[in-house]
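User: Please take a close look at the sheet in this predicted model and at what surrounds it. I would like one connected account rather than a list.

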Amino acid sequence: WCLNRDLTPVFLGKNSMTKEHRAIFPEGTAYDRGIDLRDKTTTLEAAAIMQHAAVTLGLDNGLLHLAACVPSDIIFGYNIASPAQRRPVRRLPGRILDLTLTPQELNCIHCQTNMKQQNLINFRNCFYGDNRCLDILFENGSARWIAALEELLG
């Protein structure tokens, strides 16, 4: 979609944030069709890249919160936490479009926000073991994400 719109995707992120916390970059993504800067930028470099991007998008992560510190548009995807809990507070120019499921689509959406005994659950793995929130959020060739891009970019 990006290449058809004459946009160059730039891939950012760190594989290892800490010894216990690792990001998993999806397999099957054509990282070579954009600028692959995963594990290659500092925090300030990532902020500068996002400041000049047409839009920054991703699933709830620290880079999206960093993007909220620069004047650019953001598509912020949510799964285990709700927008009410995680949406960045922002006073800069730039729009934030929240991308999430409704409880009618998946009754366990925002499980981390809605479960009372969070200390008993490790949210690194799906409580039900199926990751349906991600499957639905990215279904139909990421149609929700493409619709959000079209809404922000016209």
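Analyst: What follows goes from the strands to the helix packed on them, and then to a loop and the cysteines.

In this predicted model, the sheet is an open one of 3 strands, arranged in the order β3-β4-β5 with parallel pairing. The edges are taken by β3 (56–59) and β5 (96–99), and because each of these has a single partner strand, one side of each is left without a neighbour in the sheet. Neighbouring strands are turned against each other by 15° on average, with direction ignored. As general background, strands of a sheet pair through backbone hydrogen bonds, in either a parallel or an antiparallel sense. Here the pairing of β3 with β4 is parallel and runs over 4 bridges, and within it T56 has I74, in β4, as its bridge partner. Helix α6 packs on this sheet, where it touches β3, β4 and β5, and its direction makes about 155° with that of β4.

A residue of that helix deserves a closer view: A148 lies in α6, which spans residues 139–153. Leaving aside residues up to four places away in sequence, A148 touches I75 and L97. Its relative accessibility is 2%, and A148 therefore counts as buried, the limit being under 20%. By contrast with these contacts, the C-alpha atoms of A148 and T18 are separated by 31 Å, the two residues being 130 places apart along the chain.

Beyond the strand β4 (74–77), the loop between it and α3 (83–86) contains N79. N79 has a relative accessible area of 13% and is buried. When residues up to four places away in sequence are not counted, the contacts of N79 are L59, I109, H110, C111, C133 and L134.

One of those contacts, C133, leads to the question of the cysteines. C133 is itself buried, with a relative accessible area of 13%. The cysteine sulfur closest to that of C133 belongs to C126 and is 6.2 Å away, which is too far for a bond, since a disulfide needs the two sulfur atoms within 2.5 Å. A search of the whole structure likewise finds 0 disulfides. C69, for its part, counts as exposed, because its relative accessibility of 56% is over the 50% limit.

Methods
Residues numbered from 1 in each chain as written. Predicted model: local features only at pLDDT ≥ 70, side-chain atom pairs only at ≥ 80, totals over all residues. Heavy atoms only, no water. Helix = DSSP H or I, 4+ residues; strand = E, 2+ residues; numbered from the N terminus. Buried < 20%, exposed > 50% of the residue type's maximum accessible area, 1.4 Å probe, protein only. Contact = heavy atoms within 4.5 Å. Pairing = 2+ DSSP bridges. Axes fitted to C-alpha atoms, helices over the stretch in contact; angles between N-to-C directions.
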